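Grab a pencil and get ready to explore a protein at your own pace. Try each exercise yourself before you read the solution under it.

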Amino acid sequence: MTQYDELAARLADIEKAIHFYRETVEFPSFFDALGKARGMRVLDVGCGDGVYARKVARQGAAQVVGTDSSAEMIRLAEAAEAEEPLGIRYLVHDLAAMPSLGAFDVVVAVNVLHYADDRGALESMCRQLASQLAPGGRLLAYVGNTECDAEAAKDFGFLVDRPADAHEGDAFTVTIPATPPATVEVRYWPAASLQQALESAGFARVDWEPMAHTAGDDPRAAGLDRLLKNPPGLLLSAYLD
Ligand SMILES: C[S@@+](CC[C@H](N)C(=O)[O-])C[C@H]1O[C@@H](n2cnc3c(N)ncnc32)[C@H](O)[C@@H]1O
C-alpha cells in the first residue's frame, strides 16, 4: 500500500484545492516546454490518475503509456480511459524496478523524483528514466523547488513543513488543504543534486525550463509574475545526447 493508494479515493477533492496552480501555471508551462506532442511516443511515469497522459494523447501522441507504483491511481486512470478511450495503456510499476517498456521520444515524470529515499535511489530512478528513452529522446520532469520557502509555497496552495537546515534526502511533508487535508511525505533534493544525479545516469544536458502562466480573469493571476520568480516546482528537460 503506497501513500497514494490512500489518497486516490479523494483525488478529485485534492485536485480542486490545487486547481488554480495546476491550470494557470503547471500545465501551461509544461505544454509550452513540450511543444507539439503529435506523433510522439510518450511514457508518463508516476502518472497518477493519468491527467498528463490524457492531455498528450488528446494532442495526437502516437503512443502513450502511463505507469505508477499505486494500483489505486492506475485504477482511476483506467476508469478515465474506459470513459474516454484514448488508447492509453496503464501499468502498475515502481520506477525503481521498471522493465523496459519501449523506446520513447518523451518520458514525463511530474513530481515523482522527490520520492527517492536516498542518493542511490535517486540515481537509479534517473537511470530507469534514461533507459526508457529512444536515441535523441527527452525527459520532461517537474521537481520540487527547495528554494521556494513555506510562505511562497502557501501562496500557491501548498503547505510545506520542512526543517530550515534540511539536507539532501531529508524527509519533509507537503500538505494540500483539502477537507480533510492531504499530507504526503517527500524528500529534499535541491536542483544541483537532481542535476548531478541525472548526469551520473547518463543525461548529457539538463535545461531548466522557464515557467509561464495564463493570465485569465482570476484576480489571483495578478501576483503570478512575482510569485513565479520562485515557484514551488521547477521544470527540467534532460537529453541523453
Ligand atoms: C504528486 S503525484 C503526481 C501524479 C501525476 N504525475 C500528476 O501530475 O497528476 C506523484 C505520483 O507518483 C507516484 N509515485 C511515487 N513514487 C513512485 C515510484 N517510486 N514509482 C512510480 N510512481 C511513484 C505516486 O503514486 C503518485 O501517483
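The exercises below walk through this predicted model, from its ligand to its backbone.

**Exercise 1. Look around the ligand: how many residues surround the ligand, and which are the closest?**

Solution.
- Step 1: Start with the count, which comes to 18 residues around the ligand.
- Step 2: Pick out the closest ones, and you get Arg22, Gly46, Asp68, Asp94 and Leu95.
- Step 3: Sort the shell by class, and you find nine nonpolar, six polar and three charged residues.

**Exercise 2. Find the polar partners of the ligand: which side chain has an N or O atom 2.9 Å from a nitrogen atom of the ligand?**

Solution.
- Step 1: Check the side chains, and Asp94 turns up: one of its side-chain N or O atoms sits 2.9 Å from a ligand nitrogen.
- Step 2: Now try the backbone, where a polar atom of Ser69 is 3.2 Å from a nitrogen atom of the ligand.
- Step 3: Val110 offers a backbone N or O atom too, 3.3 Å from a ligand nitrogen.
- Step 4: Then see how much of the ligand is covered: on its own it has 600 Å² of accessible area, and the protein covers 90% of that.

**Exercise 3. Take two residues from the story so far, Arg22 and Val110. Where is each one found, and is each buried or exposed?**

Solution.
- Step 1: Place them: Arg22 is in helix 3, while Val110 belongs to strand 4.
- Step 2: Use the cut-off for buried, which is under 20% relative accessible area.
- Step 3: Arg22 has a value of 10%, so we call it buried.
- Step 4: Val110 has 9%, so it is buried as well.
- Step 5: Look at who they touch, skipping residues up to four places away in sequence: Arg22 meets Glu15, Phe27, Pro28, Val51 and Tyr52.
- Step 6: With the sequence neighbours within four places again set aside, the contacts of Val110 are Glu26, Phe30, Val45, Gly46, Tyr52 and Tyr142.
- Step 7: One more distance: the C-alpha atoms of Val110 and Leu235 are 8.7 Å apart, although 125 residues separate the two in sequence.

**Exercise 4. Explore the inside: how many residues does the largest nonpolar core have, and which have the most contacts inside it?**

Solution.
- Step 1: The count is 51 residues, and the best-connected ones are Phe30, Leu34, Tyr52, Phe156 and Phe158.
- Step 2: Ask where they come from, and helix 3 (residues 19–34) gives the largest share, eight residues.
- Step 3: Zoom in on Leu34, which touches Met40, Val56, Val106, Arg138 and Leu140, leaving out residues up to four places away in sequence.
- Step 4: There's another core apart from this one, with 31 residues, including Ala116, Ala130, Leu139 and Val206.

**Exercise 5. Compare two strand residues, Val107 and Thr67. Why do we call each one buried?**

Solution.
- Step 1: Locate them: Val107 is in strand 4 (residues 104–110), and Thr67 is in strand 2 (residues 63–68).
- Step 2: Val107 is buried because its relative accessible area is 0%.
- Step 3: Thr67 counts as buried because its relative accessibility is 0%.
- Step 4: Check the contacts beyond four places in sequence: those of Val107 include Leu43, Val45, Leu129 and Leu140.
- Step 5: By the same rule, Thr67 touches Leu43, Asp44, Val45, Ile74 and His93, among others.
- Step 6: Finish with a distance: Val107 and Leu140 are 33 residues apart along the chain, with C-alpha atoms 6.2 Å from each other.

**Exercise 6. Hunt for backbone oddities: which two residues does a cis peptide bond join, and what is the phi of Asn111 near?**

Solution.
- Step 1: Remember the usual picture: most residues other than glycine have a negative phi, and most peptide bonds are trans.
- Step 2: The cis bond joins Thr179 and Pro180, with omega at about -10 degrees.
- Step 3: Pro180 is in the loop between strand 7 (171–176) and strand 8 (182–187).
- Step 4: Asn111 has a positive phi, near 60 degrees, and isn't a glycine.
- Step 5: Asn111 sits in the loop between strand 4 and helix 6 (119–131), and at 26% relative accessible area it is partly exposed.

Conventions: Residues numbered from 1 in each chain as written. Predicted model: local features only at pLDDT ≥ 70, side-chain atom pairs only at ≥ 80, totals over all residues. Heavy atoms only, no water. Near = heavy atom within 4 Å. Polar contact = N/O pair within 3.5 Å; in protein donor to acceptor, adjacent residues only side chain to side chain. Areas by Shrake-Rupley, 256 points an atom, 1.4 Å probe, with all protein chains shown as cover. Nonpolar A, V, L, I, M, F, W, Y, C, P; charged D, E, K, R; others polar. Core = buried A, V, L, I, M, F, W, Y, C linked by side-chain atoms within 4.5 Å. Buried < 20%, exposed > 50% of the residue type's maximum accessible area, 1.4 Å probe, protein only. Helix = DSSP H or I, 4+ residues; strand = E, 2+ residues; numbered from the N terminus. Contact = heavy atoms within 4.5 Å.
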